[in-house]
Amino acid sequence: MSTSLGLIQTRSFPVIVRVADAMTKSAGVTLIGFEKISGGYCTAIVRGNIADVRIAIEEGIEVARQFNQEEISSLVIPRPLPNLEVVLPISSKLSQLAQSRGYSRLSNLAVGLLETRGFPAMVGAADTMLKTADVQLAAYETIGDGLCTVIIRGTVSNVAIAIDAGMYEAERIGELNAVAVIPRPLDELEQALPVASCFVAQPVTLPVAIPQAQKEEVQRSERAGERIPVYLEPPGTP
Amino acid sequence: MRSTLASTLPTSLRSQAWLAQSGKAHYVVSGEVDIEEEASIGPGVLLRANPGCRIHIGRGVCIGAGSILHACGGSLVVEAGATLGRGVLVIGQGTISENACIGSEATLLNCSILRQAVIPPGSLLGDPTWRSEEEATGVTQTEPEEAERVQELPAAPAQGVSEAKTPPPSPKAEVTPQEQAAAEPAQEQRGAGRLNGIPGRAELERLLGKIYPHRQVLSSRDGRF
């Protein structure tokens with residue numbers, strides 16, 4: 001595989017998801033996944049032709065700057081060597097693994113992400129969001145440094161209102177770090193996002209009709225089963 | 001604008017305000033301003049309360065010539081016996097407590113002053129950036145000319161900051177509690193405006209503005225939270 005590699009790193013999960021969304025929509029790149037080392041550092045990995053990767057990374061940096069991220073680090077490698085791909089999680093095998101996990105019941109819906117520093121604020125915000133609008137809590141994600149992100153799915157208007165309400169609740173309980181709304185994510189992005197197991201529909205195997213050898217029942221004749229009363233005459237009677 | 005404001009005032013307040021203006025004093029009152037008796041207000045003083053805000057001038061208060069008191073985002077209370085020097089500028093909400101003494105040409109941005117406190121002349125108290133944050137949320141709907149004036153504000157006190165840092169003539173023990181008192185409202189303000197700095201907030205606001213075009217009017221109150 002001789003495609004180029006692009007990496008971009010920020011210190012927030014909603015921001016990196018939003019960046020990945022912008023990257024996948026800006027050029028013909030494939031989102032491989034998110035690499036979450038601890039300490040709040042998240043990296044989005046994209047592959048594609050060198051021109052596409054360059055456009056995508058430039059776009060990603062621009063979006064990350066709009067999200068007030070000071071520490072952005074990015075990299076474009078035009079032709080990574082095969083050894084690099086074997087060892088590091090940058091090859092497209094990762095996405096194949098992600099694809100094989102089953103079909104999410106929450107696809108084709110807008111995504112809302114809300115990140116707090118500390119767990120109680122996240123739970124409180126998630127509760128408020130579920131009570132505010134018709135949204136589903138899809139999953140949560142921790143990236144270290146006390147940062148945890150709650151991911152909700154629903155229609156765009158529901159998600160926007162839910163995030164707006166959750167934002168105030170999170171700020172009341174603890175510390176809010178970042179929010180993001182993705183009105184219509186691409187399939188790749190959806191597959192890279194975590195989904196709780198209760199929403200994953202495992203492929204069901206349909207029952208196949210196998211011809212089985214059936215035992216033939218021996219048809220008894222009617223007469224065989226007929227009982228004929230036999231009267232035995234007692235001896236000595238004329 | 002001023003005539004419409006005056007028409008919304010209660011009659012007692014309005015008559016008081018107009019009496020003060022047409023009588024001996026030469027100061028201008030606009031909005032809900034409540035001046036108690038025996039308060040002396042110098043010529044050229046401007047007392048302006050934004051819609052929903054209030055200015056209360058206590059008994060025996062002395063306000064020097066050319067001062068401007070502009071209440072916005074809450075009520076501005078000048079308690080009894082306080083003295084404001086010439087050309088003092090007070091903007092925002094807060095309380096100037098009893099018998100406080102504000103030196104001439106001092107600027108108080110959205111902060112409170114303790115009792116008996118002495119503020120040196122030409123000093124700047126409060127967070128100079130507070131107004132711009134509120135402006136960004138669009139909480140207060142200011143007139144265009146006011147918005148222009150507000151944008152000039154952060155540039156002007158920048159010089160005042162250095163003056164405030166120079167050792168004031170008053171004893172230092174008195175200055176520290178004042179500065180604490182000044183810092184507290186500033187922190188509150190920052191807490192309310194903190195949501196603005198959250199990554200993604202601006203984008204969410206744009207999205208909500210597109211989905212619900214009339215939402216700003218409905219939820220302008222919770223912006224203060």
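Which residue in β9(A) is the bridge partner of Gly112(A)? In this predicted model, the partner is Val181(A). Gly112(A) falls within strand β6 of chain A, residues 110–117. β6(A) and β9(A) run antiparallel to one another and are joined by seven bridges.

This pair belongs to an open sheet of four strands in chain A. The strand order is β7-β8-β6-β9, and the pairing is antiparallel. β7 (136–142) and β9 of chain A form the edges. Each of these edge strands pairs on one side only. On average, neighbouring strands are turned by 20° against each other, with direction ignored.

A helix covers this sheet in part of its contacts: α1(A) packs on the sheet. The helix touches β6, β7, β8 (147–154) and β9 of chain A. The direction of α1(A) makes about 20° with that of β9(A).

The contact between the chains comes next. Chain A contributes 19 residues and chain B contributes 11 residues. On the chain A side, three elements give two or more residues: α1 (13–26), α6 (156–173) and β9 (175–182). The biggest share comes from α6(A), with seven residues. By residue class, the chain A side comprises 12 nonpolar, four polar and three charged residues.

Two of these elements also take part in the sheet packing described above. β9(A) is an edge strand of the sheet and gives residues to the side that touches chain B. α1(A) packs on the sheet and likewise gives residues to that side.

Note on methods
Residues numbered from 1 in each chain as written. Chains lettered and ligands numbered in written order. Predicted model: local features only at pLDDT ≥ 70, side-chain atom pairs only at ≥ 80, totals over all residues. Contact = placed C-beta atoms within 7 Å. Nonpolar A, V, L, I, M, F, W, Y, C, P; charged D, E, K, R; others polar. Pairing = 2+ DSSP bridges. Axes fitted to C-alpha atoms, helices over the stretch in contact; angles between N-to-C directions.
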